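Work through the following exercises with the sequence and the model in view. Each one sets a task and then follows it with a solution in steps.

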Amino acid sequence: RPVGAGGAAMAARSPTSPNRPPTSSMSAPRSAPREGGATQGTPAPYIGMVVRQNPGSSIVHIASVDPGAPASQAGLQVNDQLRSFGGAQTSNIAQFRTALKQHARVGSRIPVVLAGNMGALPPRNATIHVGQKMRQVPTQLPPMRTPEDLHAIYRDRPRLQAVAMAAFNTCDTDGSGVITRAELLSGMRRLLPPAVSGLVSDQQIQEAFSKGDTDSSGFLVGGEFVSVVDYLFRLIVANSRRA
C-alpha cells in the first residue's frame, strides 16, 4: 500500500488482498464523484513515497518516490530498506503505520534510518520535512438520511467510492491517512444521522473494522476503508429490514 504518492494525505491506493503485499501510502480513497463532481481541498500531510513489505519478509522498503516530494528531497530512494521512522523500528507495515500516525504532521521533521539495496548497503540517516497537499474531497454527496439512501449508494460503485472518500476525510481527523478503530467509530457517527447510524451498534462497527483490516495492521487505509463503508451500509440496510 502507498504512503503519500499521488494524493494529499497518507492512505493506500488499493485494497490489500492475499496476493498483494502490504503497502502504505498517503492518499485518501480515490474516486470520480458523480454528484456534480464538485470537490473541496482539505490540507493534509504529504511525504510522497510508497512503502511496501513483501510476503514473508521482515523488510519494509521504499517502492516508489514522487519526484520533488519531501521523501525525494530527503534522499530516499527506491529499494531503500526503511529501518526506522521517527525513532521507531519499522520491521513491518503495522509498525510503520503506528509511527506514521504519531509523527506525520505538516511541517514536522521525521528522522529515518535507511539501508540501500534492500538492506544490503550500510545504514544511513535522513530527515523528512513533511509537506502539505490538498486532499480533494467530494462536496456534493447523495442523501444518506434513510437506509434506502444507503441501499442506493452501495449498489452504485462510483457513488460508494465518493461517499467513502468523504467518510475517510471525516474519520481522518489528524490527516495521517490511516484510520484507527476509535476514528472509524466516531467518524461514522458524525457522517450519518442518528436515526441511521443508530441501526448499527458500536460492536458491529468494531467488527467491521476487524473484517476490513485485511493485513491485521491495526489501521485502515484507502481500499480497506471503502470495503468497510460498503459492509457497514449493507449491514445498516439489513438491520433496518429486521427491525
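## Exercise 1: Strand pairing

Task: find how strand β8 is joined to strand β6 and how it pairs with strand β9.

Solution. Begin with strand β6 (residues 81-85) and strand β8 (residues 109-115), which run antiparallel and are joined by four bridges. One position to look up in this pairing is Ser 84, whose bridge partner in β8 is Val 113. Then turn to strand β9 (residues 123-129), which pairs with β8 over seven bridges, again in the antiparallel sense. Here Ala 115 can be located opposite Pro 123 in β9. The model being read in this and the later exercises is a predicted one.

## Exercise 2: The chain as a whole

Task: describe the chain by its secondary structure, its burial, its contacts and its surface.

Solution. First, the secondary structure comes to nine helices and 10 strands. Second, the chain has 243 residues, of which 51% count as buried. Third, among contacts with a separation of 6 or more, 63% are accounted for by residues 24 or more positions apart. Last, the accessible surface comes to about 10,200 Å², and 49% of it belongs to carbon and sulfur atoms.

## Exercise 3: Helix α6 and its two partners

Task: classify the crossings that helix α6 makes with helix α5 and with helix α8, and name the residues in contact.

Solution. Two packed helices are described by the angle between their axes and the distance between the axes. For helix α5 (residues 157-171) and helix α6 (residues 181-191), the axes come within 8 Å and cross at roughly 120°. An angle of this kind makes α5 oblique to α6, and the crossing in which α5 passes α6 is right-handed. On the α5 side the contact is made by Ala 167, Thr 170 and Cys 171, while α6 contributes Glu 183, Leu 184, Gly 187, Met 188, Arg 190 and Leu 191.

Now take α6 together with helix α8 (residues 202-212), where the axes come within 10 Å and cross at roughly 125°. These two helices are therefore oblique to each other, and α6 passes α8 in a right-handed crossing. The contact involves Arg 181, Leu 184, Leu 185, Met 188 and Arg 189 of α6, which meet Asp 202, Ile 205, Gln 206, Phe 209 and Ser 210 of α8.

## Exercise 4: One residue of α6

Task: decide whether Leu 191 is buried or exposed, and find which residues it touches beyond those up to four places away in sequence.

Solution. Leu 191 lies in helix α6. Its relative accessible area is 17%, and buried means under 20%, so Leu 191 counts as buried. With residues up to four places away in sequence left out, Leu 191 touches Met 144, Ala 167 and Thr 170. As a further step, compare Leu 191 with Cys 171, which is 20 residues apart from it along the chain, and find that their C-alpha atoms are separated by 8.7 Å.

## Exercise 5: Helices α4 and α9

Task: classify the crossing of helix α4 and helix α9, and give the residues that make the contact.

Solution. The axes of helix α4 (residues 147-154) and helix α9 (residues 222-242) come within 9 Å and cross at roughly 140°. Because angles over 145 degrees count as roughly antiparallel, this crossing does not reach that class, and α4 is oblique to α9. In passing α9, α4 makes a left-handed crossing. The residues in contact are Pro 147, Leu 150, His 151, Ile 153 and Tyr 154 of α4, together with Asp 230, Phe 233, Arg 234, Ile 236, Val 237, Ser 240 and Arg 241 of α9.

Methods
Residues are numbered from 1 along each chain as its sequence is written. This is a predicted model: local features need pLDDT of at least 70, side-chain atom pairs count only at pLDDT 80 or more; totals for chains, interfaces and linings use all residues. Side-chain values use heavy atoms; hydrogens and water are left out. Buried means under 20% relative accessible area, exposed over 50%, partly exposed in between (1.4 Å probe, protein chains only). Contact means heavy atoms within 4.5 Å. Accessible areas come from the Shrake-Rupley method with a 1.4 Å probe; for residues, only the protein chains shown count as cover. Two strands pair if DSSP finds at least two bridges between them. Axes are lines fitted to C-alpha atoms, for helices over the stretch in contact, and angles run from 0 to 180 degrees between N-to-C directions. Angles under 35 degrees count as roughly parallel, over 145 as roughly antiparallel, 65 to 115 as roughly perpendicular and the rest as oblique. A crossing is left-handed if the near helix is turned anticlockwise from the far one by less than a right angle, and right-handed if clockwise.
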